[in-house]
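Q: I have a new model open and would like to learn how to read its charged side chains. Could you take me through them?

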Amino acid sequence: MRSGKKLEKEFVRNTRKRVRELKTSFAQIVAKSDSGAVHDFRKATRHLQTIVDAIGIHRPSRMTQKIRRRLQKCRHALGVWRDDEVVFKELKKAQPKAHTRNERNCWSQVAKRTAKQHRRTLKKFYRNYKSLRVSSTGAKVKAVVKKKVKSESMMNNLRLLLERGWEKWNNAIDDFLDDSTSAKLHAVRIKAKTLRYSVDLSQRLYPDNHLDNASGWLKTIQDRIGAWHDEFMLGQRALETFSDTPRDPIALKVIREIKEKEIAMAESARDFLSAIGKTKQYQRLQLVMSATVYAMANGSDPGKLANESIRGPLP
């Protein structure tokens, strides 16, 4: 078992690595308009946001909240870029399936509109990228982590991070099943991603081979809902393209086919999520995470722990 000092060093070392990833990928975006770097940059913001959430989970400060907002701003600034790339990918799959010249023309119009919007996205990014202050944000993350790891138990912080991540993900599922809107289905995906990043951070500092498969399973759920969201974005772009010609029969056919596929994928996701609690993967993850959180409850009152649910600290 590693000592507290070694764990502090590992936490700081991991933070520095994520900051380097943030700065390197951002430099590639600025220099080359690298779409792969956009993905890496957004991923780095999530890793760093998880780190900031962990160090500020007991006593959030104005600084940790400010850094968190900055990281979100950086990620959201490139969200439209990512959405454009998704639509391009979906168009490549959809266009060859067009049966008639008029259908091909409709898809061509969607592609042209997407390309035009993407050019606007790029111009806006290059006009405003300095305002994201990526370097200073990275420096602030490193400084606040270095200070916090000396005054707080990272084990307790990560325990609480896992607990809250699990609870928020399950609440998001319940919210979606109660009110099945697109926004709430997307929220399930985001909360699954948040929980996955929390597990990954915990595994880096306190490796637990029982949790080795947790991240992979959460990613399959995230990707399944993500495939629906990609189709949803394609439908939105088609609606925008033909907003001035809603009665055009070919445009209606294209939009209807996209929407039909999107609805089927959303219904499939809903059926899966409604039964997720009964799956072996979910039950195994709940069991393992409950045991892990229980084991990480360093210094907790044994009497209090004894009064918890038989399922452990995770609901």
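Q: Which residues are linked in a network of salt bridges?
A: Side chains of opposite charge can pair when their charged atoms come close. In this predicted model, Arg82, Asp83, Lys89 and Asp230 form such a network. One of the contacts is between Arg82 and Asp230, at 3.6 Å from N to O. Arg82 belongs to helix H4 (residues 79-94) and Asp230 to helix H9, so this pair ties together parts that are 148 residues apart in sequence.

Q: Is Asp230 buried or exposed?
A: Buried means under 20% relative accessible area. Asp230 has 7%, so the residue counts as buried. Its partner Arg82, at 22%, is partly exposed.

Q: How many salt bridges are there in the whole structure?
A: A search finds 19. Among them is a pair within helix H4: Lys93 and Glu90 meet at 3.1 Å, N to O, and being three residues apart, they are separated by about one helical turn. Glu90 is buried at 5%, whereas Lys93 is partly exposed at 47%. Helix H9 holds another pair, Arg237 and Glu240, also three residues apart, with 3.3 Å from N to O. Here Arg237 is buried at 3% and Glu240 partly exposed at 31%.

Q: Which residues form the positive surface patch?
A: Patch members have over 30% relative accessible area and no salt bridge. The residues here are Lys5, Lys6, Lys9, Arg16, Arg20, Lys23, Lys142, Lys146 and Lys150. Helix H1 gives the most, with six residues. Lys142 sits in helix H6 and is partly exposed, at 35%.

Technical notes: Residues are numbered from 1 along each chain as its sequence is written. This is a predicted model: local features need pLDDT of at least 70, side-chain atom pairs count only at pLDDT 80 or more; totals for chains, interfaces and linings use all residues. Side-chain values use heavy atoms; hydrogens and water are left out. Patches are made of residues with over 30% relative accessible area and no salt bridge: like charges are joined within 9 Å, nonpolar side chains (Val, Leu, Ile, Met, Phe, Trp, Tyr) within 5 Å. Accessible areas come from the Shrake-Rupley method with a 1.4 Å probe; for residues, only the protein chains shown count as cover. A salt bridge is a side-chain nitrogen of Lys or Arg within 4 Å of a carboxyl oxygen of Asp or Glu. Lys and Arg count as positive and Asp and Glu as negative; His and the chain ends are not counted. The place of a charge is taken as NZ of Lys, CZ of Arg, CG of Asp or CD of Glu. Helices (H or I, at least four residues) and strands (E, at least two) are DSSP runs, numbered from the N terminus. Buried means under 20% relative accessible area, exposed over 50%, partly exposed in between (1.4 Å probe, protein chains only).
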